[in-house]
Amino acid sequence: MGSRLFLAVIGLFLAGPAHSAENWREYTYPEDGFSASFPGKPVIAKRLSRTSQSFNGAVPERTYSVNEGGVIYSISVMDFTKAEADPDIAVGEVASALTGLGRLAFDESIYTDSMHGREIVVIGDDGTSYTDGIFYVRQLLYQMKVVYPAVNRDPAGSSGISIFLTQFHFTNPF
């Protein structure tokens, strides 16, 4: 009888992340050239983002985000279409701000829809992890970010990071 209960508990544990993944939905934003899956309807915020790559020191930025149980899933799009930006410097500024949040755990090249980018993981002093995918495509800088606090109630668990990063797509990268 005890082994049956153990198997049932393990089954529920393993089904939890899969069940929560079913609640994710794809959202498409043609004006910013991407689609992505989120665990809820994203909130959209606009602001000016500071950068050395613009004559006036800032560029427009739109951020699409969802807070799911304390885990924040967001995609920020910085618009460099009116700036003569060096893509490497623009990406470097975002990466530098991210690495300033803690200890660099991972920094590698990645590809999405044949577009080259960087995946960076930083672990903060409090155990919060910051996982980012950064791409510069058609004068837009995309930053996919998952802020995963050490204490959270996200039903997807850490599998939400993988769901989020792998279900992002450029709608017209070329």
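This passage describes the largest pocket of a predicted model and two residues with a positive phi.

The largest pocket holds about 210 Å³ of space. Its lining is made up of 13 residues. Those that lie nearest the centre of the pocket are R47, E93, V94, A97 and Q143. Two or more lining residues are given by each of the elements β3 (43-50), β5 (71-79), α2 (87-99) and β9. Of the contributing elements, α2 supplies the largest share of the lining, with four residues. Sorted by class, the lining of the largest pocket comprises five nonpolar, three polar and five charged residues.

Backbone geometry was examined at two loop positions. S114 is not a glycine, yet its phi is positive, at about 70°. This serine is found in the loop that runs between β6 (103-112) and β7 (115-123). The relative accessible area of S114 is 59%. Exposed residues are those over 50%, and S114 is therefore classed as exposed.

A positive phi also occurs at R138, with a value of about 50°. R138, too, is not a glycine. The position of R138 is in the loop between β8 (129-137) and β9 (140-148). The strand β9, which follows this loop, is among the elements that give two or more residues to the lining of the largest pocket.

Definitions and conventions:
Residues numbered from 1 in each chain as written. Predicted model: local features only at pLDDT ≥ 70, side-chain atom pairs only at ≥ 80, totals over all residues. Heavy atoms only, no water. Buried < 20%, exposed > 50% of the residue type's maximum accessible area, 1.4 Å probe, protein only. 1 Å grid on protein atoms, 1.4 Å probe; cavity = no way out; pocket = protein on both sides within 12 Å on 5 of 7 lines; lining within 4 Å. Points joined across faces, edges and corners; volume = space filled by probe spheres on them. Nonpolar A, V, L, I, M, F, W, Y, C, P; charged D, E, K, R; others polar.
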